[in-house]
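Visitor: I have the sequence and the structure open, and I would like to go through the salt bridges with you, one question at a time.

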Amino acid sequence: MPRRIRCTMAAVFASVFWFSGALSVAVADEPVLSAQQDDSAILITAGGRPVLSYRFGDVPFKPYANELYSPGGVQILRDAPDDHLHHHGLMFALVVDEVDFWGEKPDRGKQLGGAPHLHSAGTDGGVRRVGFTQQLLWTPPESTKPLVVEDRSVTVHAGAGIDATLVTWQTELRPGPGRDAVTLTGTHYDGLGMRFVVSMDTAGQFLYAAGEPGPVVRGTNRVTPSKWAAYTAKADGRPVTVAIFDHPDNPRQPAGMFTMAGHFAYLSATPNVWKEPMKVQSGRPLCLRYGIAVWDGSVDAETIDRMHEKWLGLEAGGTRPSEN
């Protein structure tokens, strides 16, 4: 059986403090990293500049990050475009026991959850961390019994050696109460994906740690086994680069990086359940951890590699492997 990774929140955040409304972490000579929460959203800022917005209230199907900014203040995410209303900025979804949590229709599943909890881990080597956790019940239509329980954690890092917006998205999935196991499937793009602002849909360029892109799956859709994939394009006339990082402790290394150009641009990290279903058993949760980085301007593979390594160093010790 494939290896599963158990998330350990206490290991990720060596010193965790819980807040209900607002928090901030400061380092000398560095902008204050802060988070504010109301009944519908969380906004994380650095020195008063917006970094990431996460919507959890008044979302009928799933919570998601609806805004993500470069260090220079360029917002790159698009929410619910007319061509795909179920595309919400930066989001995570799969198919569970044949119930689709990606699309949004009456016969699809919903990720239901209460308000997230803000957390601060203070500083580590001059790097600050601010973020939140949220528990979600992946519930099929016309039912109150979840197929899956998800513990989600989203963290923004800032400080020494970080010249990009840097985010960790961590998801732990376990079967719902009373279930011995669930089976994860989906399309070749299901996983952690992002839809970009319309100005980034054309004239962009993908870059892969693996070098050459993988084979075409459909149209301009490709799935490339790679430890990271990046996209450079102009957002309202200003060039930006965004990358998704895989973590070496995730199952099925390396991740299948889905990329799409043409009608619109899309980037996602997938656990390749479209090729091989993944079974998650009770008592053996599945942990998936990804990084997202956004730079101003066009950056090269060497720069992306360095940030990937920086991110892995920040995440070191955050997981405990278990065999399944």
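Visitor: With which residue does arginine 289 form a salt bridge?

Guide: This is a predicted model, and side-chain atom pairs are counted in it only at pLDDT 80 or more. For arginine 289, the closest N and O atoms of the bridge are 3.2 Å apart, and the partner is glutamate 315.

Visitor: Which elements does that pair link?

Guide: The two residues lie 26 residues apart and join distant parts of the chain. Arginine 289 belongs to strand S26 (residues 286-296), while glutamate 315 belongs to helix H2 (residues 301-315).

Visitor: Is glutamate 315 buried or exposed?

Guide: A residue counts as buried when its relative accessible area is under 20%. Arginine 289 meets this cut-off at 1%. Glutamate 315 has a value of 3%, so it too is buried.

Visitor: Where is the partner of arginine 55 in its salt bridge with aspartate 79?

Guide: The closest N and O atoms of arginine 55 and aspartate 79 are 4.0 Å apart. Arginine 55 sits in strand S6 (residues 49-55), and its partner, 24 residues away, is in the loop between strand S7 (64-68) and strand S8 (90-93). Both are partly exposed, arginine 55 at 24% and aspartate 79 at 29%.

Visitor: Which residues are linked in a network of salt bridges?

Guide: One contact within it joins arginine 108 to aspartate 107, at 3.3 Å from N to O, and aspartate 107 is exposed, with 53% relative accessibility. The network as a whole consists of Asp100, Asp107 and Arg108.

Key: Residues are numbered from 1 along each chain as its sequence is written. This is a predicted model: local features need pLDDT of at least 70, side-chain atom pairs count only at pLDDT 80 or more; totals for chains, interfaces and linings use all residues. Side-chain values use heavy atoms; hydrogens and water are left out. A salt bridge is a side-chain nitrogen of Lys or Arg within 4 Å of a carboxyl oxygen of Asp or Glu. Helices (H or I, at least four residues) and strands (E, at least two) are DSSP runs, numbered from the N terminus. Buried means under 20% relative accessible area, exposed over 50%, partly exposed in between (1.4 Å probe, protein chains only).
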